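Open the model in your viewer and keep the selection panel at hand. The stops below go chain by chain, then to the places where chains touch.

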Amino acid sequence: MRNPTTIEPVPGRTDEMIINMGPQHPATHGVLKVVIGLDGERITRAVPHIGFLHRNHEKIEEARTYTQIISYTDRMDYVSGLQNELPFILAVEDLLGVEVPPRAKLIRTIFFELFRIASHLVWLGTGMLDLGAITPFLYTFRDREKILEITEKTAGARMLPNYFTFGGVRRDVHPDFFKDVAAFLDFFETRLPDYYALVLDSPVFQARAVGVGVLSKERAIARGASGPVIRASGVPYDVRKAEPYDAYPELEFEIPTREEGDVYARFWVRFREMEESVKIIRQALEKVPKTGPYKGKVPPRVKPKPGARYRAVEIARGHLGAYVVSDGSEYPARIKHRSPSFANLQLIPDLFVGARFADAIAILSSLDPVFGEVDR
Amino acid sequence: MTELRYKKTTEFDEEVYAVHPEDYRALLEALKAEGFDYPRSLTGMDTGYGLRVVVHLYGIESGKKATVFTDVPYDDPVVPSVTDLWPGLEWFEREAFDLVGIRFAGHPDLRRILLEEDWTIHPLQKRYDTGGYPLPDWQPAPWPETPPWEEPQASEEGGEA
Amino acid sequence: MSLFAEVWDAVKAVAAGLETVHRRVKQPPATEFYPYKKPEIPPVSVQFLALIQNEDGTDRCVACLQCERVCPSQVITIERKRNPEGKGFVLERFDLDFANCMHCANCVEACPVSAIVTVGEFEHAVYDINFLKADKAFLDHIGHEAKIWYSPKFGVEMRTPEGKIVKAPPEMQPGGLAELLKEAEGGEGA
């Protein structure tokens, strides 16, 4: 069988070396293959290939009822599992016309931001592992474990909980939940300075990251980048502000942006986002009623009226959208998941070409792709 | 934009344009000039009587949202590519080609993206089951009498002849 | 910046990092000593599913097929027959293929009589994948062995050493906060 995934050498040119990076390369965060043309240390061409983890969620979901689909959406971005349920649920809620009680919205928001911290901790650990630092990996996973324990106590699973549902959440929170979350925030705030000291403020890291992989503002918008990638290029685009959902309209928070657009800026934005998440959860904890309804009135058989709806949320990696087309039956006509890493990975040719090969790894970890979601 | 064949409706908080496939690119060019600079998504889907392309756009400055869709028949599923307007839709168009089978004329690199190159079918079409096998009793629905867009009223101008 | 200054900066950065690590060294280890010390799993955690029988040994399950219908990966197979005495149905077969189960607990949510539940057990690993195909006897066995379990209808339930099924205290119930707060208020009033 022919192999269509290679790039052809330029005739007459002998100094260009063509190498395959991936799909088994440990620093690609999954199964990404990039075919790279090298001129010495410099990358001359880069062609990314994805699809090694493709499961065709969208076809499977056409044969499932709306309630069943929620447990599939978890499995797209498994690092921030719970966040992936929300755009689909919001779209179906719009089509159903379901009211969500304010307490359920706040609980959802707390979980949503907890998973943002958890996801950024995984990114920080594995990203630094790519750059050769092993210690942050051990520390971040230890901190993330606390979030997963809180999640397991209430939602029923650590990574893929299937906890959000139409009209709210599945079950009321565990009695310790608010106490646990407050304790975690206090604990996490003592840890953040350590991460700043180990990573962001370290001149060793800065030498590796400043000025590497610069992405211009115009290119970021045109390429459809989202999340920390676009905000590090100076575009304050955040779905939480642009199209607020759940309890975000009532909460006050900033969108950290930075103008440089290099690897350092993308790291910096994610660090600041963790701080903002702590702020958001603290406000939500103050506002959330301790008791009350956690689920709105939903018909037992979910049958949205015919129509189509696109809803988006800001997960840890960026703009995650779900386009739900209903034909009035129990099964959806079409569901499209617009995943942020899929769009962000299109930047690989823009960012890689001209960079040094060692910097390619740094650039890739600053994009933070998760392949469950790229390949769906 | 007056001579373009499209119908504009408002669903929830979005403007939805149903557009004739021949005017698809012209309408998107006009929308890009209006300030819809951020490509949110591009979806290909099977409507039962043909294939549909849905483009979701967003204006970073204005905060406005727009959805544009057009239908093409099964036997000639070609729409013009808009990757030169929004380079971010490059992979989305490849995905729509790969999974649904819509051809984008003028796309710089229209290859399969998620499936292997040696696949022969486009699995998201309704004529295949979840396993990728053709359904024996599948028949395409007839093309709708009134398409979602507005056909030009003045057919006596010579368009019909 | 001169080379010397750069080297000095790097040395300082490494020293700062080592200082952080040194501070962490004194903290107690976070490692779990799993095979020697089993961690406590909350009953809502979706690990093992079990069928619960009443105290008198009859099935709670009424064979309504709700769980079969909501299962996304279609791993539940139920066969039922008409109840010879009285109305309703009785179970003939209840198979659950844990090898394909995606642990979403939709079946537990859908069960109208709290028959299929999540239990606080997690040791799933077997040498042969066929051992993961559970039948009714196996699911009943897990239900008998379980000390604590959860289902949305009755909340968290426990089995006392005498074999009685009782409701767990509100500290363990999801949504038990309402009761706890009421108790606390009543306590202050009295």
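Start with chain B of this predicted model. Read from the N terminus, its elements follow the order β-β-α-β-β-β-β-α-β, that is, 2 helices and 7 strands. Chain B is as compact as a globular protein of its length, because its radius of gyration of 17 Å is close to the 15 Å that the globule rule gives for 161 residues. Turn chain B along its principal axes and its C-alpha atoms fill a box of roughly 45 × 40 × 30 Å. Colour chain B by burial, and 38% of its 161 residues come up as buried. Of the contacts in chain B with a separation of 6 or more, 52% join residues 24 or more positions apart.

Next, keep chain B selected and show chain A beside it. Here 27 residues of chain B are in contact with 33 residues of chain A. On the chain B side, select strand S3 (38–46), strand S4 (51–58) and helix H2 (90–99), each of which supplies at least two residues. S3(B) has the largest share of that side, with 6 residues. Coloured by class, the side of chain B that touches chain A shows 14 nonpolar, 7 polar and 6 charged residues.

Now hide chain B and select chain A alone. Chain A contains 15 helices and 8 strands. A compact globule of 376 residues would have a radius of gyration near 21 Å, and the 21 Å of chain A agrees with this. Its C-alpha trace spans about 70 × 50 × 35 Å along the principal axes. Burial colouring marks 55% of the 376 residues of chain A as buried. Among contacts in chain A with a separation of 6 or more, 70% are between residues 24 or more positions apart.

Switch to colouring by confidence. The mean pLDDT of chain A is 86, and 97% of its residues reach 70 or more. For the two ends of the range among the elements of chain A, select strand S1 (residues 16–21), which has the lowest mean pLDDT (82), and helix H11 (residues 263–287), which has the highest (91).

Zoom in on helix H2 of chain A, residues 66–73. How many of its residues are buried? The count is 8 of 8, so read by the cut-off, each has 20 or more other C-beta atoms within 10 Å of its own. Label them in order: A:Tyr66, A:Thr67, A:Gln68, A:Ile69, A:Ile70, A:Ser71, A:Tyr72 and A:Thr73. What do these buried residues pack against? Within chain A, show helix H1 (57–62), helix H3 (85–96), strand S4 (164–165) and strand S8 (332–338). Then add chain C, where helix H2 (66–70) and helix H3 (106–110) also pack against the buried residues of H2(A).

That leads to the last stop, the meeting of chains A and C. In this place 27 residues of chain A are in contact with 31 residues of chain C. On the chain A side, select H2, helix H5 (135–155), helix H6 (177–200) and helix H7 (203–209), the elements that give two or more residues. H5(A) gives the most, with 5 residues. By class, the side of chain A that touches chain C has 8 nonpolar, 10 polar and 9 charged residues.

Terms used: Residues numbered from 1 in each chain as written. Chains lettered and ligands numbered in written order. Predicted model: local features only at pLDDT ≥ 70, side-chain atom pairs only at ≥ 80, totals over all residues. Buried ≥ 20, exposed ≤ 12 C-beta atoms within 10 Å, placed from the backbone. Helix = DSSP H or I, 4+ residues; strand = E, 2+ residues; numbered from the N terminus. Contact = placed C-beta atoms within 7 Å. Rg over C-alpha atoms; globule rule 2.2 N^0.38 Å. Nonpolar A, V, L, I, M, F, W, Y, C, P; charged D, E, K, R; others polar. pLDDT = per-residue confidence, 0-100.
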